[in-house]
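Reader: Could you walk me through the cysteines with me, and then one of the helices?

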Amino acid sequence: MNKFLTLTFIFLSSLSFAQDIIPKPVSYTAGDGRFVFDEHTSVSVNSLDKGLMEIIANLQEAVKASSGFGVPVQKKNENSIAFIHDNKLKQEAYEINISTSKVILKAGSNKGFFYAYQSLLQLLSDEIYDRNSALVKLSLPVCNIKDEPRFVYRGLMLDVGRHMMPVSFIKKFIDLMAMYKFNQFHWHLTEDQGWRIEIKKYPKLTEVGAYRKESPLGHDSENRGDGKPYGGFYTQEEVKEVVAYATSKYINVIPEIEMPGHAVAALASYPELGCSGGPYEVRTRWGVAKDVYCPTEKTFAFLEDVLTEVMTLFPSKYIHIGGDECPKDSWKASEFCQDLIRKEGLKDEHGLQSYFISRIDSFLTSKGRKLIGWDEILEGGLSPNATVMSWRGTEGGIEAAKQKHDVIMSPNSFHYLDYYQGDPVSEPLAIGGFLPLDKVYSYEPLAEALAPEELKHILGVQANLWTEYISTPEKVEYMLFPRVLAVAETAWSTAENKEYSDFENRVKSHFGKLAKLKVNYAESIYNIKAALKTTNKGEVQVNLNNIETAPSILYTLDGSEPNRRSNKYDGKTGILVKKQTTVKASLFNENGQKYGNTFEADIRINKATGKSYEYRSKKTKYTGNTEMALTDGQIGNEKNLQTWVGLEGGKLDLIIDLTAVNELSELTIGFLHSPGSWIMFPSTLEVSVSKKGKKFKTLSSQSFNKGGELSQFVERIKVNLDGKKARYIKVTADSFGKLPEGHIGAGADAWLFVDEIEVN
């Protein structure tokens, strides 16, 4: 995955243009000519403010390293870069005016100058980001830019509870945030799987809670461990170092200390904090644990002590306390909790959660801080001073804003960057979901359901990177980039100023900058997409497309990897598949270099291919991406749920019309079993046939009991049709039913996921 060597042909000219700035400025007016750096170029200022001088020093260092010119601070008007304070501009606003003889940067504060500096760097050649490159000629396009952010809160969250990242990378992470004008770093420091921050009053939190016996091997649904101990934590000195570094980049660091759930690492360290008293063990699997803090006075004293130490390390006015995914099982079973519910006049365990959060809210408020919690803190009543971070869609944020509480929009459907960004078949392992760049970019934070006075409570947006399946800095970068650029633009640029095709072109221009910074970005933007359709002869036509205007797509039909000698896709007639085959296709440049991931489709041609069927069961949001997904000829892939038809509860019930009476030998149908995703193998399967579609004869009726299977698998079941002649085939399959005891979703309806139906 070496982007730095293989993608140079994609990059635009090393001389960038103002319209390539990300996030896009409020306004940009192009002029003619360029301002050229030479041995006479200097910097002028009307203030020697320490913060401003640090920004200027960074500019001088970057220009010196890439061009060889020193750009000293001097008082002169020509061939200079002038930093001018303008009190009429807002705190984060700036202006840039570039002529052939002078560059003027105006801002109302050092924050504004810092953002102006970031835009100025993006206008220069990509070498400005590589302090070790050969010297180049630097210049800037003549233009005028006026800019300010749309939202005051522009956040990015990194989970280090599941997998830790070294301090050196945390600093690089902060540098990249600053480059794209984020201003809030949400640091998720505690989890069931690890406690990552030193608390001096409670040393066992890091002696015990920072280490687990093993981690999941493969996907958590496979229920396998890697057998390798894992752990680590940040010392308080390291935390101070990170906070100071972020502050120098005008980024606030918000710590998250999870409560009352996601607390198993703390309970393993101090078992008396749980309702059962333990013993507890730092969790070795992902998902949600049922063991949570017990709301005793001992627990509250512990949490207040922890938060007191945390507040000495983080000057942030915001402290995030989690509040999400708190199962109530241990509270329901606890005599203490039930007595507390009665004593406080609470309605139920949800009311007890509200009581818990309110206690912490009052404590933080007394210390001059503000509580942020995930949208579950709405359950049972919202604490008076809480800010809600809405992750389960946007509904929680909308409700909180209606209650006149501040809101940060962070919906998983748009801003969870641990989801797959391309076809999971060709992407590294991820938690699931599908969130390509264009969908991230499409998000609009200001909900139409809110009145103008309610919209004022939407502070901004945040993207989240959970690290269950992200164990290295390189993969952090891969999952973030380029999707985080879309979040940056949503957070900064006005809705009227956003347009996806323009953004897509700017993203491509930034790949050169990211390469210079040695960022392991994803190439998913170049991935080939396909549309399949069946012909009236039962064949499958595969139509491919790509964002490049003149791509060279090469493909194979034997399952082998495409190379420069493979078939060339003509872009007109598509690929006509007449028999069972695996289609693979890749994008190549004129030098025969491959880029983007390989597209793959497993095609099965049979008597049912292209035939219509009638659903007798309820509709589903998982449609397999096509109207007739169960007879489109394409076999689903267990890594990509979008290639399956999924039914929540109920049953599969459909009739396929083969359009004519056929002699039938066999039917094959695939089912997915993935307990970690609440997808269970069916309990029954029945296949019946009919010549006229009125009276059906049952040829096979099977029962299954695979509820105890914990690992994920796909099974394609073959049904003998015994040479019967029929036109219509009825297929019914009952779902597993309710999820079994011991499952995190016990009692909820299981999903039934079904794949291509083949008839021969």
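Reader: Is C294 buried or exposed?
Author: C294 counts as buried at 3% relative accessibility, where buried means under 20% relative accessible area, exposed over 50% and partly exposed in between, with a 1.4 Å probe and protein chains only. This is a predicted model, in which local features need pLDDT of at least 70 and side-chain atom pairs count only at pLDDT 80 or more, while totals for chains, interfaces and linings use all residues. Residues are numbered from 1 along each chain as its sequence is written, and side-chain values use heavy atoms, with hydrogens and water left out.

Reader: Which cysteine is joined to C294?
Author: A disulfide, meaning a pair of cysteine sulfur atoms within 2.5 Å, joins C294 to C275, with 2.4 Å from S to S. The torsion about that S-S bond is about 95°, so the disulfide is right-handed. C275 is partly exposed, with a relative accessible area of 25%.

Reader: And why is C337 not bonded to C275?
Author: The sulfur of C337 is 3.7 Å from that of C275, its closest cysteine sulfur, which is too far for a bond. C337 is buried, at a relative accessible area of 0%.

Reader: What about C326?
Author: Its closest cysteine sulfur is also in C275, but the sulfur of C326 lies 9.5 Å away, too far for a bond.

Reader: Switching to α11, which residues are buried there?
Author: Among them are L352, Y355, F356 and F363. Helices are DSSP runs of H or I with at least four residues, numbered from the N terminus.

Reader: Anything just after α11? What does G368 do?
Author: G368 takes a positive phi of about 80°.

Conventions: Helix = DSSP H or I, 4+ residues; strand = E, 2+ residues; numbered from the N terminus.
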